[in-house]
Amino acid sequence: MTQISEQALQSAVREYRDPYLNKDLYQLGAVKSLNADERGNVTLMVELPYPSKGIAGALKQLVGNALEDVAGVENVDVHVGQKIHSYKVQKDLPAVPGVKNIIAVASGKGGVGKSTTAVNLALALQAEGARVGILDADIYGPSIGMMLGVPEGKRPDTRENKYFVPMDAHGLQANSMAFVVTEKTPMVWRGPMVSGAVMQLLQQTLWNELDYLIVDMPPGTGDIQLTLAQKVPVTGAVIVTTPQDIALLDGKKGIEMFRKVDIPVLGVVENMSVHICSNCGHEEPLFGHGGGERIAQEYDTTLLGQLPLHMTIREQTDGGTPSVIAEPDSEVARRYRDIARRVGAELSTRERNLSGSISSVSVTEH
């Protein structure tokens, strides 16, 4: 049998370029092994650095086809996995036990669909193969529980009268102030009390080996948001905006706030980018056009994706089964998963936190 050229095999593998990082698999350090035996059987092991379940099949097909064209190759077996690392946070704040990376989802103002985006982003990251949790830090208007279908009045278990066990909601680990107070309890708190409550929820929840913890931040860029951005060890932020000018102005303030405290902005999500009529399917940019792209270019960040203003997104989220769960094969769910891959890919380009530990808090069962 003809000896298979190792150089030819590597050249075939290099033909594939990652669609999110625009590098070949060797440049990404994603090739863990490439072997060929005397019978012409080739085995390739690939490990991508971000949640990528949705593109694994295409990668296997494209790389497999390229390898099959190499002289002497009879059979190709491509294995695709992923490994999520921990990345550096601002001012080397201590990591939260059980959490590799914290991603803050924020907006400069309310009413732009921040919480809906946060919930679907968390579910999309999970669908792409990551272990994910979500913390509702919007103390004045906690809505994550309702969006995830957590029954009203359900309370998290506790350990040692100190630690919360996160709720399981569609496979996510979740916690919220709404889980420990009633819906009729008004949060008439000053800034320091709000910040303290969020930090308590964050640090006293028994997060279990999360790749990502999504934090749904309070809307705005005031003292509360700035304090949280300074105290929570955030690896990256996602800014949610709509195309209209006033929302873009507030979105810029959000970017400036995170940059002020040395938190990298991973990108911008443009929500409600186009209205889709539920009767005829006609599309119309009610709030303007191209705003998210302009703000991303101005601040040298990434436009992570554009989401439509569609009635089903609201209905599904209000009903406790967000779009990624309710219709996993829909165009909306596909967009959320694309955004999730972009977020993970962008984060993977950051400096790793080699000293970071995700060791969990040890508690005694009674």
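Begin by selecting residues 114-127 of this predicted model. This segment is helix H3, whose 14 residues reach 20 Å from the first C-alpha to the last, close to the 20 Å expected at 1.5 Å a residue.

Next, colour H3 by accessibility. Twelve of its 14 residues are buried, and the helix is thus mostly covered. The buried positions include Lys114, Ser115, Thr116 and Thr117, as well as Asn120. Among the nonpolar buried residues of H3 are Ala118, Val119, Leu121 and Ala122.

Move just past the end of H3 and select glycine 129, which takes a positive phi of about 105°.

Now display the largest nonpolar core, a set of 40 residues. Ile103, Leu121, Ile134, Leu148, Ile214 and Val343 have the most contacts inside this core. H3 gives the most to it, with seven residues.

From that group, centre the view on isoleucine 134 and show its surroundings. On H3, isoleucine 134 touches Ala118, Val119 and Ala122. Its other contacts include Ile144, Leu148, Leu172, Gln173, Ala174, Asn175, Trp207, Leu213 and Ile214. Residues up to four places away in sequence are not counted here.

Then select Met199, Leu228, Ile255 and Val261, which belong to a second, separate core of 36 residues.

Finally, return to the whole protein chain, which holds eleven helices and 15 strands. Of its 366 residues, 51% count as buried. Among contacts between residues at least 6 apart in sequence, 77% join residues at least 24 apart. With the surface displayed, the chain exposes about 16,900 Å², of which carbon and sulfur atoms supply 46%.

Definitions and conventions: Residues numbered from 1 in each chain as written. Predicted model: local features only at pLDDT ≥ 70, side-chain atom pairs only at ≥ 80, totals over all residues. Heavy atoms only, no water. Helix = DSSP H or I, 4+ residues; strand = E, 2+ residues; numbered from the N terminus. Expected span 1.5 Å × (residues − 1). Buried < 20%, exposed > 50% of the residue type's maximum accessible area, 1.4 Å probe, protein only. Core = buried A, V, L, I, M, F, W, Y, C linked by side-chain atoms within 4.5 Å. Contact = heavy atoms within 4.5 Å. Areas by Shrake-Rupley, 256 points an atom, 1.4 Å probe, with all protein chains shown as cover.
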